[in-house]
Amino acid sequence: GNIMAIMAHPERTQAGDAIFASMRDYILEKPSIDIQIPPATKIAAEFFPSFHHSNVEHELIISLSITDNHAMTVEQTLQQLGFTVQINRYTHWEIHAEHQSDYQKILDSEVLFSPRKEKTIKHHSLKTESSYCYLVRAKEDILGQQKAEILQDYYALSAKPLIKHSLLWQLNSATPLAQEEIDELLSTNILGNRYAHEYFCYP
């Protein structure tokens, strides 16, 4: 009775309020339950490490060619919280392959992205005066490990590649955001969870 897992995400719409109100009411009606909630720690974006392209052998930034419902949901949620930003979401892959021929096999495999509904973009096209980019990577990168195993097992690579998966969030604002606004937005944990993810300023 301590954990609930549900799809889709009721916390992203007002229709889900009843679920969480019910949880709150249940807890309040059980005074014998001693719940210790630690105070929230604000994320300070200015202390994020910078992502260095020079450390990456091959880098892929993938954009959806179709509507990104995930990004739209995040954008609407942030706007409901009072943040006047537009959101773009990209998939970010770091690839370290034994040989150039292995890298070409990885691209041709379509394991990391599908050209029919996705496209690659250049990193320098992301940064503008009114945009802020943050790369968010799971500390336990299960997806990257799974992709590396699939590529090794089925595509005749000379060696198992190192694959790292991240989400790259681009925050766009009509006017420059103050550092306090950025910190407040990131502290919502909507773009990632500071306990489970690493954050990088990008680029």
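## A tour from arginine 89 outward

Select arginine 89 and aspartate 68: their side chains make a polar contact at 3.0 Å. Add histidine 70, whose side chain also makes a polar contact with the side chain of arginine 89, at 3.5 Å. Keep in mind throughout that this is a predicted model.

**Stop 1: around arginine 89**

Show the backbone. Arginine 89 sits in strand S2, residues 86–96. Now display its surroundings, ignoring neighbours within four places in sequence. Arginine 89 is in contact with Leu64, Asp68, His70, Ala71, Leu167, Leu168 and Trp169. Two of the names on that list, Asp68 and His70, are the polar partners just selected.

**Stop 2: the whole chain**

Zoom out. The chain has five helices and six strands. Colour by secondary structure and trace from the start: the pattern reads α-β-α-β-α-β-β-α-β-α-β. Along its principal axes, the C-alpha trace spans about 65 × 45 × 30 Å. Colour by accessibility next. Of the 203 residues, 36% are buried. Then turn to contacts. Among those with a separation of 6 or more, 81% are between residues 24 or more positions apart.

**Stop 3: aromatic rings**

How many aromatic pairs does a search of the whole structure find? It finds three. Select phenylalanine 51 and tyrosine 202. This pair is tilted, with 5.3 Å from centre to centre and 40° between the planes. Phenylalanine 51 lies in the loop between helix H1 (17–28) and strand S1 (58–64), while tyrosine 202 belongs to strand S6 (residues 197–202), so the pair ties together parts 151 residues apart in sequence.

Check both for burial. Phenylalanine 51 has 8% relative accessibility, so it counts as buried. Tyrosine 202 is buried too, with a relative accessible area of 1%.

Now select Phe48, Tyr134 and Tyr199. Ring pairs link these three into a cluster.

**Stop 4: strand S4 and its partners**

Select residues 131–138, strand S4. Is this strand enclosed or exposed? Seven of its eight residues are buried, so S4 is largely enclosed by the rest of the structure.

Bring in strand S5, residues 162–172. Six bridges join S4 to S5, and the two run antiparallel. For one of the partners, pick tyrosine 132: its bridge partner in S5 is leucine 171.

Next add S6. S4 is joined to S6 by six bridges, and this pairing is antiparallel as well. Pick arginine 137 here. It stands opposite glutamate 198 in S6.

**Stop 5: helix H4**

Move to residues 142–154, helix H4. From first C-alpha to last, its 13 residues reach 18 Å, close to the 18 Å expected at 1.5 Å a residue. Select Gly144, Ala148 and Leu151: these residues of H4 are buried. Look down the helix axis. The buried residues fall within an arc of 65°, so they line one face of H4.

What does that face meet? The buried residues of H4 pack against S2, helix H3 (100–109) and S5. S2 is the strand that holds arginine 89. Rotate to the other side of H4, where Asp153 and Tyr154 are exposed. Step just past the end of the helix. Alanine 156 takes a positive phi of about 50°.

**Stop 6: two distances**

Select aspartate 108, found in helix H3. Is aspartate 108 buried or exposed? At 54% relative accessibility, over the 50% cut-off, it counts as exposed. Add tyrosine 155 and draw the distance between C-alpha atoms. The two residues are 47 apart along the chain, and their C-alpha atoms are separated by 9.6 Å.

Finish at histidine 52. It lies in the loop between H1 and S1, the loop that also carries phenylalanine 51. Its relative accessibility is 47%, so histidine 52 counts as partly exposed. Draw a last line to phenylalanine 113. The pair is 61 residues apart in sequence and 23 Å apart in space, C-alpha to C-alpha.

Methods. Residues are numbered from 1 along each chain as its sequence is written. This is a predicted model: local features need pLDDT of at least 70, side-chain atom pairs count only at pLDDT 80 or more; totals for chains, interfaces and linings use all residues. Side-chain values use heavy atoms; hydrogens and water are left out. Helices (H or I, at least four residues) and strands (E, at least two) are DSSP runs, numbered from the N terminus. A polar contact is a pair of N or O atoms within 3.5 Å; within protein, one must be able to donate a hydrogen and the other to accept it, and residues adjacent in sequence count only if both atoms are side-chain atoms. Contact means heavy atoms within 4.5 Å. Rings of Phe, Tyr and Trp (its six-membered ring) pair if their centres lie within 6.5 Å; planes under 30 degrees apart count as stacked, over 60 as edge-to-face and the rest as tilted. Buried means under 20% relative accessible area, exposed over 50%, partly exposed in between (1.4 Å probe, protein chains only). Two strands pair if DSSP finds at least two bridges between them. The expected span of a helix is 1.5 Å times one less than its number of residues. The arc is that of the directions from the helix axis to the C-beta atoms.
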